[in-house]
Amino acid sequence: SIDGEEYESTFLAPIFTPEIDSIFPMKRGQGEPVYMCVSTHDPQNQSRYYLWSYKEHWEVTAELAANAGVDDNGFLISYDLGTSNNTFYCWGKDSSKVLILDTSEKLSENVIAQKRLVEIPCDNDKLSRLYYIDVQQKQIRKEAYDYYTNLQKNIEQTGSIFAPVPSEMKGNIRSTTNPDLPVIGYIDVSTITKKHLYIPREQGLYEAPRGSCVGLI
């Protein structure tokens, strides 16, 4: 219960999400962005609606390595890249910020092929040394798909006079103590499958910006 109100969702049997078949980069040519894509299929045909999320981690390096500095006493000391004085190797991270949805409802088979998850410019530092992506996949019901699609549209149109107000976005949750109370949200029951991928610089996707002099150590 929340603030004295009790809530419940409709009864749902679990969906067992199929495994991710593959995660792979796709780049059409020189100067083109890199798309991280996912493919999957469900021979059991439990549901034709999918939801993904991802987390990214990447390693980058400074253009120049600082190999010396001054300590608290003013003495010159050497910086070892294997210690906390290292300012050459750096790491970044990010995660999906939007709802990534797709459906195979118009296909003869329950297959999702080359679904684009994220776009990375070819000169982005993410690809300059070592890139890692961890993808989570969840199979959802049509009702959940419709709810999340409307939610995403509402997010994209925030501030628009044509945007649906949140109270109109009905989910499958209701108040048992006050049936007239508007409730926003959707509860679905399904397992999550995961897959990850490492992409080193040697794979050749990264294109250094013009005028830069980036080296590898």
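Start with the open sheet of three strands, which runs in the order 2-3-9 with antiparallel pairing. The model is a predicted one. Select residues 20-26 for strand 2 and 111-120 for strand 9: these are the edge strands, and each pairs on one side only. Neighbouring strands in this sheet are turned by 20° against each other on average, direction ignored. Strands of a sheet pair through backbone hydrogen bonds, either parallel or antiparallel.

Next, add residues 34-41, which make up strand 3. Strand 3 and strand 2 are joined in the antiparallel sense over six bridges. To find one of these pairings, pick Ser-22 and look across to strand 3, where Ser-39 is its bridge partner.

Stay in strand 3 and select Thr-40. Is Thr-40 buried or exposed? Thr-40 has a relative accessible area of 1%, so it is buried. Its side chain makes a polar contact with the side chain of Gln-137, at 3.2 Å. Show the surroundings of Thr-40, leaving aside neighbours within four places in sequence, and the contacts are Pro-18, Glu-19, Ile-20, Asp-21, Tyr-50, Trp-52, Val-111, Ile-112 and Gln-137.

**Two positive phi angles**

Most residues other than glycine have a negative phi, and most peptide bonds are trans. Go to the loop between strand 3 and strand 4 and select Asn-45. Its phi is near 55°, a positive value in a residue other than glycine. Asn-45 counts as partly exposed because its relative accessibility is 39%.

Then move to Gln-114, which is placed in strand 9. Gln-114 is not a glycine, yet its phi is positive, at about 55°. Its relative accessibility is 46%, so Gln-114 also counts as partly exposed.

**The nonpolar cores**

Now colour the largest nonpolar core, which has 23 residues. Which of its residues touch the most other members? They are Met-36, Trp-52, Tyr-131, Ile-133 and Val-135. Strand 2, strand 3, strand 4, strand 9, strand 10 and strand 12 (192-200) are the elements that give two or more residues to this core. Strand 4 gives the most, with five residues.

Centre the view on Tyr-131. Beyond neighbours within four places in sequence, Tyr-131 is in contact with Met-36, Glu-56, His-57, Trp-58, Val-118, Ile-120, Lys-126, Leu-197, Tyr-198 and Ile-199. There is also a second, separate core of nine residues, and Tyr-49, Leu-101, Ile-140 and Tyr-145 are among them.

**Glu-59 in strand 4**

Select residues 49-61, strand 4, and within that strand pick Glu-59. Glu-59 counts as buried because its relative accessibility is 15%, where the cut-off for buried is under 20%. The side chain of Glu-59 makes a polar contact with the side chain of Arg-129, at 3.0 Å. With neighbours within four places in sequence left aside, the residues in contact with Glu-59 are Tyr-89, Cys-90, Trp-91, Asp-125, Ser-128, Arg-129 and Leu-130.

**Arg-141 and the way into helix 1**

Follow the chain to the loop between strand 10 and helix 1, where Arg-141 lies. Arg-141 has a relative accessible area of 16%, so it is buried. What does the side chain of Arg-141 make a polar contact with? The partner is the side chain of Asp-188, at 2.4 Å.

Add Ser-47 to the selection. Ser-47 and Arg-141 are 94 residues apart along the chain, and their C-alpha atoms are separated by 6.3 Å. Ser-47 is one of the contacts of Arg-141 when neighbours within four places in sequence are left aside; the others are Leu-12, Ala-13, Pro-14, Ile-15, Tyr-49, Asp-188 and Val-189.

**Helix 1**

The last stop is helix 1, residues 142-156. Its 15 residues reach 21 Å from the first C-alpha to the last, close to the 21 Å expected at 1.5 Å a residue. An α-helix has 3.6 residues a turn, so residues three or four places apart point the same way. Show the buried residues of helix 1 as sticks: Ala-144, Tyr-145, Tyr-147, Tyr-148, Gln-152 and Asn-154. Of these, Tyr-145 also belongs to the second core. To see what covers the buried residues of helix 1, turn on its surroundings, which include strand 4, strand 8 (100-103) and strand 10 (130-140).

How values were computed: Residues are numbered from 1 along each chain as its sequence is written. This is a predicted model: local features need pLDDT of at least 70, side-chain atom pairs count only at pLDDT 80 or more; totals for chains, interfaces and linings use all residues. Side-chain values use heavy atoms; hydrogens and water are left out. Two strands pair if DSSP finds at least two bridges between them. Helices (H or I, at least four residues) and strands (E, at least two) are DSSP runs, numbered from the N terminus. Axes are lines fitted to C-alpha atoms, for helices over the stretch in contact, and angles run from 0 to 180 degrees between N-to-C directions. Buried means under 20% relative accessible area, exposed over 50%, partly exposed in between (1.4 Å probe, protein chains only). A polar contact is a pair of N or O atoms within 3.5 Å; within protein, one must be able to donate a hydrogen and the other to accept it, and residues adjacent in sequence count only if both atoms are side-chain atoms. Contact means heavy atoms within 4.5 Å. The expected span of a helix is 1.5 Å times one less than its number of residues. A nonpolar core is a set of buried Ala, Val, Leu, Ile, Met, Phe, Trp, Tyr and Cys residues joined through side-chain atoms within 4.5 Å.
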